[in-house]
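Q: I would like a close look at a single part of this structure, with the surroundings brought in step by step. Please take your time and connect each point to the next.

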Amino acid sequence: MATSQDSKLAKRLALLVVEAGEQGVAELKPALEKILAGRSAKDRKAFLKDFHKAAVREIQKETLTVESAQSLSPEVLSQLVIKFSEGRERPLQVVQKTNPELIAGMKVRLGDTVYDASLANNLQNLANSIR
Amino acid sequence: MSSILEQIEKEITALKPGVSKTNTGVITAVADGVAKAEGLSQVMYNEMVEFPHGITGIALNLEEDEVGIVCLGDANLLKQGDEVKTTGRLLSVPVGRVMLGRVVDAIGQPVDGKGPIDATEHYPIEKIAPGIIPRKSVDQPLQTGIMAIDSMIPIGRGQRELIIGDRQTGKTTIAIDTIINQAKINRQGLASGDESFRPVYSIYVAIGQKNSTIARTINALEKAGALEYTIIVVAAAAENAANLFLAPFAGTAMGEWFMQNGMDALIIYDDLTKQAAAYRQISLVLKRPAGREAYPGDVFYLPSRLLERSARLNPDNGNGSLTALPIIETQAGDVAAYIPTNVISITDGQIFLETDLFNQGIRPAVSVGLSVSRVGSAAQIKATKQVAGRVKLELAAYRELAAFAQFGSDLDARTRRQLDRGSRTVELFKQPAYSPKAVEIQVALLWAMQNDHFDDIEVEDIVSAASSLEDYLSTGKQDLLGKILSQKKLDESIEAELTEAVTAWRSTFKSA
C-alpha cells in the first residue's frame, strides 16, 4: 500500500521531470530505479500509477489544446500560444484538434480551464436562456 | 405562437457572442450517488457543478487531487470519463408566495403535476443565520391548536421547539395539526379585515418518508383547506441521500423568504433523524472519518446551521419570523442518544411524546415531565396564562401521586381531590388528530375545569363533555368567544358570562 508520503514523492518527481523537459526524461529512469528498489510489486505499481497521474496533470498544465471546426493557420496558433504563455516561464506546447460540432469559433483548454468561444456554445447558451 | 417567436427574436438580438470560461474535471468514479472527479482545481466548497445529461451536483469534498461531488439527479446515467463543469453558483431554490400550495422536491422543482412554478426570486439553500442585532425576543404566540401544548408548552413565533418521541407516537400529527390550525387562523384573520393580522405560512419538509405517507399528509392538508398556505418539500425514502440531506435546507430557504419580507412562517422538518442518517451515508461514501455511531464529526453542525436560521426579527429588520418544529425519532425512548441530544441542545425546548401514554389512549401523548418550552409564558396570551398557569405543575404532581396511589387505598381528601382533578385534566387534554381547537375554546374549557364545572362528571365522560361544551359555546356563545379572543384576557364580566354559559350548558349535558 503506497503511503501518502510515496504519493507526495511521486507528484514531486512528476513536477520535476516536466519542469526539466528532455533532460528530466533522460534522468527519470535511474531516479525511478533508485526509488523503487526494494519495494514490493504492489507498492511499485501504486507509485507508478501516482506518478503517471501527476505527470499527465502537469503536462496538461503546460499544453494548450485548441479545438476548432476547421484547422487553424500557424499564425493564429502562435498568437494563441503567445497570449496564453504570458506570465509563464516556458512557452506552452500546442495541440490542435478539429471538431466540426463546434460549427465556428474555437475552444481552448489549458489544464482544467476551458475557454469556449465556439458558435455551438453560444447557441447552447441562447437555447438555455429561452427555455 | 407569435409572442414566442418575438421572444426568441428578442433573445437573438440581445445575444452577445462571447467567451465562456469554465473550470472542468473528469469523473474518475461514481458510486452510491457520489462522483469523484479529477481536475476542477478552482471549484468552491458547496458549489453547484454540471454533469452531462443535465444532472447537477454539489462539491462537498475538496481534496488535493480529487473532488467529491454528491449528485442531485440520476447518478446511474454518469460514467467514468464524463466531463464535469463548475457553475460559479451555490445551489438555489425558488422562493416566494408562488410556492404556496405546491409540492416541490429538494431543489424546488414541482412534483405535484400542477405545472411549472413561475418564481421570480431564488434563495441559496445555505445562508448565514441572522446575528444578534437583528433579532428580537420571542413574545408572540404560535397556536398549535393542541390544548396540552398551547397551555403547558407554549410555542412562540421564531422559536425552535423539538417534537421528539419513538415511532408511532403522533409526532407528525402534532405538526400537521399545527399547520391546519395556522390555516384556520389565517382564514379567520384575513376574513376579519384586521390590518394588524399577521398570517403564518407553513413549510412542511418530508424527509425520507414513504410516498404513501406523504400522499396521506398532503391529502389531510388539502382536506382541511391548509394546502393553500403551505409549501411541501419532499425528499422521499427512495430518493438519493443527497436529496434527503438538502431538502431541509431548501425548505429553510423558502421560509427565510417570508421572514425577510416581514411575514411569519412555520417550518416543520419531518424528520431530522433521517437527514442525519443521509448525511452519515454521504460522509461515509466520501470517506470522511467516522465518529460516534459512525456519524462524521461535523454532524452537530448540521442541525445547528439549519435551526439557527429560525428567528424573530426586530421591527427594524421587517419584524418577520421563522418558527421551526424539528422532529426527531428516538429508539425505545432514548432521548440521550447522539442525534436527539444534539438537537435538544440546539432547540428552545422539546415536546416529548411517550409510547406508554399513546398506548393508554392519552393522545397527544405529551409527557408533561420531559416536555418544556424555554420561551415559557411569554408566548401565551393573558387569558391562557390565567387559566393554564398551574396546569403543568398540577399534572406533574398528579402523575407522581397516581404512581403512589396504586399502592394504597386510604387517601386523604386533598390527595383524592388532586387525583380527581388530574385524571379529569388528562381526559380534557385528549384530542383527536386533525382537529385543532381555537384559543378561545381552549381558554373556556380550561376555565371550566379550573372552576370545578367538570367535577361532577364521570372521568370517562370528560371527553364527550368537553366536546359538548365546545359545540355549545361555538354555536350559541360566539359573542363570548369573540370577547375572549379580542380582549385576550378574562376580566370579571367575561368570567360572569362564562359562569352563566357553562351553568346553562351543564343543565343540558347528561353523562352517558
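The request below picks out one helix, and the answer starts there before turning to other parts.

Q: Which residues of helix 11 of chain B are buried, and which are exposed on the other side?

A: The model is a predicted one, and every value given here is computed from it. Helix 11 of chain B runs over residues 391–405, and a check of its length is a good way to begin: its 15 residues should span 21 Å at 1.5 Å a residue, and since the C-alpha atoms at its ends lie 20 Å apart, the two values agree. Within this helix the buried residues are B:Val391, B:Leu395, B:Tyr398 and B:Ala405. When one looks down the axis of helix 11 of chain B, these buried residues fall within an arc of 85°, so they line one face of the helix. On the other side of helix 11 of chain B, the residues B:Leu393, B:Glu400 and B:Phe404 are exposed. The cover over the buried residues of helix 11 of chain B includes helix 2 (147–152), helix 10 (382–388), helix 12 and helix 13 of chain B.

Helix 11 also takes part in enclosing some empty space. Rolling a probe the size of a water molecule over the atoms shows where empty space is left. A search of the whole structure finds 4 cavities of 30 Å³ or more, and the largest cavity has a volume of about 70 Å³. Its lining consists of B:Ala148, B:Met152, B:Ile362, B:Pro364, B:Val366, B:Val368, B:Leu395, B:Arg399, B:Val426 and B:Phe429. Helix 2 and helix 11 of chain B are the elements that give two or more residues to this lining. Sorted by class, the lining of the largest cavity has 9 nonpolar residues, no polar ones and 1 charged residue. B:Leu395 thus appears in two places, among the buried residues of helix 11 of chain B and in the lining of the largest cavity.

Two of the helices that help to cover helix 11, namely helix 12 and helix 13 of chain B, bring us to an open space, the second largest pocket. About 1100 Å³ of space lies in this pocket. Helix 3 (171–192), helix 12 (413–428), helix 13 (439–450), helix 14 (462–476) and helix 15 (478–487) of chain B are the elements that give two or more residues to its lining. The lining of the second largest pocket is made of 42 residues, and those nearest its centre are B:Ile185, B:Gln188, B:Val439, B:Glu440 and B:Leu485. Helix 3 of chain B provides the largest share of this lining, with 7 residues. By class, the lining residues of the second largest pocket divide into 15 nonpolar, 16 polar and 11 charged.

A helix in chain A can be read in the way that helix 11 was read. Helix 1 (residues 4–20) of chain A has 17 residues, and from its first C-alpha to its last it reaches 24 Å, close to the 24 Å expected at 1.5 Å a residue. Its buried residues are A:Asp6, A:Ser7, A:Ala10, A:Lys11, A:Leu13, A:Ala14, A:Val17 and A:Val18. Seen down the axis of helix 1 of chain A, these residues fall within an arc of 160°, so they line one face of the helix. The buried residues of helix 1 of chain A pack against helix 2 (22–36) and helix 3 (41–61) of chain A, while the face turned away from the buried side carries the exposed residues A:Ser4, A:Gln5 and A:Lys8. Helix 1 of chain A is followed by A:Gly21, whose phi is positive, near 70°.

Single residues can be followed as well. B:Ser310 is found in the loop between helix 7 (301–307) and strand 14 (321–329) of chain B, and with a relative accessibility of 0% this residue counts as buried. Leaving out residues up to four places away in sequence, B:Ser310 touches B:Arg135, B:Gly158, B:Arg160, B:Ile267, B:Leu322, B:Thr323 and B:Ala324. B:Gln350, in contrast to a loop residue, lies in strand 15 (residues 349–353) of chain B, and counts as buried at 10% relative accessibility.

Conventions
Residues are numbered from 1 along each chain as its sequence is written. Chains are lettered from A and ligands numbered from 1 in the order in which they are written. This is a predicted model: local features need pLDDT of at least 70, side-chain atom pairs count only at pLDDT 80 or more; totals for chains, interfaces and linings use all residues. Side-chain values use heavy atoms; hydrogens and water are left out. On a 1 Å grid over the protein atoms alone, a cavity is a set of points where a 1.4 Å probe fits but cannot get out, and a pocket is an open set with protein on both sides within 12 Å along at least five of seven lines; lining residues have an atom within 4 Å of a point. Grid points are joined across faces, edges and corners, and a volume is the space filled by probe spheres set on the points. Helices (H or I, at least four residues) and strands (E, at least two) are DSSP runs, numbered from the N terminus. Ala, Val, Leu, Ile, Met, Phe, Trp, Tyr, Cys and Pro count as nonpolar, Asp, Glu, Lys and Arg as charged, and the others, Gly among them, as polar. The expected span of a helix is 1.5 Å times one less than its number of residues. Buried means under 20% relative accessible area, exposed over 50%, partly exposed in between (1.4 Å probe, protein chains only). The arc is that of the directions from the helix axis to the C-beta atoms. Contact means heavy atoms within 4.5 Å.
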